[in-house]
Structures are given as C-alpha cells and as structure tokens.
Amino acid sequence: LRVVDAPRACVPLDTAARIATWSGGQALLPVPPSASRGQARVPVLHRDGGRAPLIVFAGKGGVGKTTCSASVALQLARREKVTLLSVDPAHSVRDVFANQSPPPNLTVETIDTRAKWRHFRDTLGEQIDRAIGGLSIAYDSEAMRKLIEVAPPGADELFAITRLADLIAEGKQVVVDTAPTGHFLRLIDLPKTAGDWVHEFMRILLRYRELIPAGTLGEELLRASRALHLVDETLKSDRCRIVVVTRPERIVVAETKRLLGELDARGMRAGNVIANYLTPQNDCPCDRSMRGYEMEVLQGLDVVAIERRDEPPVALDELASLLPLDSLR
C-alpha cells in the first residue's frame, strides 16, 4: 500500500489548497498569532438559576454530543434521578457505559426508531387482523398501507417522541442525546410536518382502539399522536434547555450557526454553545497557531470551551468533570 507521511498541520485543513499541500508531505508551519487572535478569550456562561427538566444536546455528527450529554447526566444523577435518553441511531451512549455501569440514580435508555418503524410498518396489518378476527377491514387496511407509503420524512421519530412525552409527563429530569443536525430538525418539526398524516392515521386506528392489543406498536402510535403537542410545547418553553455542541473548525461552526438560526425560527432558544476539542493554551508554537485560528472561527458565538486532552476521558468520574454544570445556562 502507498503510505503518505503527512506531517502535523499547524493551520486548519479547511481548504483544498491546504489539504493538497499537507497530503503531499509538506509541513504547514505555525503562523504567529495576530494581536486580536492572541487576546481572544472564551467566556464562561452561568446558569440563570431555573431548573430545566429537559436538556437536549444537538449538533453535527462527531462533535461530542454523547460525551457532553453523559457528562451532564452523571452530574445531575448525584442529586436526583435522571434519564439519559439516546435517539441517535448510532447509540454511542452505550459505549460510554460499556465498562462501567451507570450510577443508581441514572437510567440509560436507547430507542432504535428505525427498527421500530420497520416492525410497525410490516406488522400493523397483522396485529389488527388478529385483533378483530373475521371482520372485514379491507378498505381501511389498504388506506393504512398507502399512508405508510407516503409517511413524511422522520415518521420513525414518532416512537422517540412517545417515550420523551412519557418522561416529561412524569416530571422526570431528562437529558437527550440527539441524532446529527438534520435528524434533530426533523424530530422537532414532527408536530408540523406529520400533523395531518398522523391525524389521518389516527382517524382509522381509533375505530379499532378497543381491539388493538395493549403494548403493540399500533397502541404506541396512538399515544404518539397525543405526545406531539406536549413535546412541541415543552421544547419551546423555559422547561427545556437546548445545548448546541460544536468544534472550533470553520465548516463545523458554519453548520452550528445554521442550526442556531433554525432553532430561533422555530421559537426555540439555545442556552449554550459548547466548543469541544479546543486546542489548549501552552507554549507550543503549533498549538498557539491553531488556537488563534480556532478563536477567530468562534467569534460571534458565546461558547463554553472544552479543551483537548492528551488522554480522552474514559472513567465515569473523569467524564463527569468534563463539562461543569455551572457553565450551563
């Protein structure tokens, strides 16, 4: 195999020219930081004192949402019962607790929405057929099959909405690890985009509500229709804090700003932006160069910084210390 010996880059690899130079084996040397870069500082934001029973971590894939959500959940679990809910299809949160069990006050749940949707789609007709025996529902069965075929994007997220609504209704403290930006926006848009579709589906299912077996996916979708309003209302209230996680890279920050704009357009307010994996301050010329570029990229955002560590946090105690609760608002 051909191996490229690419040296460390002391400037961001965010243009085609820089990537070509770097991959060709040429070093990209530190650039002395300008006065503005050298003096830039990351503010630390403090909570406004209100308790948010729902904390949602959002952002681009790979920025550290799972790590940050687990850190906050572990800290909250020291004083109250907490549910850490993963609606990300990757379910990286399971890896966090692969070697250590969560503390007694912390419940970790994962929802495979895609698998549940496939199962629902493939078995709903059979469930109803079994429930009502010899009755003929040919017309409604065909209507439901057609509705499934024209389901709006993100319809599988209804199953996540259902569980989230249950936890909200129970008054539980919930920390949510979401899927990357596009999936997250589909999730919060479900009350609008899936409204008519859900109502039509419910109109048919409600005819057989007495016959749909308890615990089946048909029953779960019935509950999802009622859950949409509750979740939408909570996301737009002061009972929810949306924490956006980013990395100090030009392309990632651009998506972060778009996400913040989308949240604002939907009447939702992001409480914090977490800048993860920021180059630490030290005497290394390369690190100083990179930090200068990173601070320029982060201008215009009020962020809480998590600096890059030589060893990533693995033990739960280390993870809990990564993002102090008093830095959130």
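Reader: In what order do the 7 strands of the open sheet come?

Author: Keep in mind that this is a predicted model. The chain has 13 helices and 7 strands. Those 7 strands form an open sheet, and the pairing is parallel. Reading across, the order is β3-β2-β4-β1-β5-β6-β7.

Reader: Which strands stand at the edges, each with a single partner strand?

Author: Take the order β3-β2-β4-β1-β5-β6-β7 and look at its two ends. A strand there has a single partner, so one side of it is left without a neighbour in the sheet. From one strand to the next, the twist averages 20°. The edge strands are β3 (106-110) and β7 (303-307).

Reader: Let's zoom in on one pair. What is the bridge partner of Leu85 in β4?

Author: Strands of a sheet pair through backbone hydrogen bonds. Here β2 covers residues 82-86 and β4 covers residues 173-177, and the two pair in the parallel sense over 5 bridges. On the β4 side, the partner of Leu85 is Val176.

Reader: And the helices on the sheet: at about what angle does α3 run to β4?

Author: Helix α3 spans residues 65-76 and lies across β1, β2, β3, β4, β5, β6 and β7. Helix α11 (residues 250-265) packs on the sheet too, touching β1, β5 and β6, with its direction at about 160° to that of β5. For α3 against β4, the angle is about 165°.

Reader: Now the sulfurs. Which cysteines does the disulfide join?

Author: A search of the whole structure turns up 1 disulfide. Its S to S distance is 2.0 Å, and with -110° about the S-S bond the link is left-handed. The two cysteines are Cys10 and Cys286.

Reader: How many residues apart in sequence are the parts tied together by that pair?

Author: Cys10 sits in the segment before α1 (16-23), while Cys286 belongs to helix α12 (residues 285-297). Both ends are buried: Cys10 has a relative accessible area of 8% and Cys286 one of 5%. Because of where the two cysteines lie, the pair ties together parts whose separation in sequence is 276 residues.

Reader: What about Cys284: how far away is the nearest cysteine sulfur?

Author: Cys284 is partly exposed, with a relative accessible area of 25%, whereas Cys68 is buried at 0%. A disulfide needs its sulfur atoms within 2.5 Å, and Cys284 is in no disulfide. Its nearest cysteine sulfur belongs to Cys286, at 5.3 Å.

Reader: Where should I look on confidence: which element has the lowest mean pLDDT?

Author: The chain averages a pLDDT of 81, and 80% of the residues score at least 70. Residues 35-41 stay under 50, and the model gives them 9 contacts beyond four places in sequence. Over residues 43-50 the pLDDT is below 50 as well, with 24 contacts beyond near neighbours in sequence. Among the elements, β2 has the highest mean, 96, and the lowest, 44, goes to helix α2 (residues 35-39).

Reader: Last one, on the chain as a whole: what percentage of its 329 residues count as buried?

Author: Among contacts between residues at least 6 apart in sequence, 77% join residues at least 24 apart. The chain exposes about 16,500 Å², and carbon and sulfur atoms supply 50% of that. Counting a residue as buried takes a relative accessible area under 20%. Of the 329 residues, the buried share is 48%.

Definitions and conventions
Residues numbered from 1 in each chain as written. Predicted model: local features only at pLDDT ≥ 70, side-chain atom pairs only at ≥ 80, totals over all residues. Heavy atoms only, no water. Pairing = 2+ DSSP bridges. Helix = DSSP H or I, 4+ residues; strand = E, 2+ residues; numbered from the N terminus. Axes fitted to C-alpha atoms, helices over the stretch in contact; angles between N-to-C directions. Contact = heavy atoms within 4.5 Å. Buried < 20%, exposed > 50% of the residue type's maximum accessible area, 1.4 Å probe, protein only. pLDDT = per-residue confidence, 0-100. Areas by Shrake-Rupley, 256 points an atom, 1.4 Å probe, with all protein chains shown as cover.
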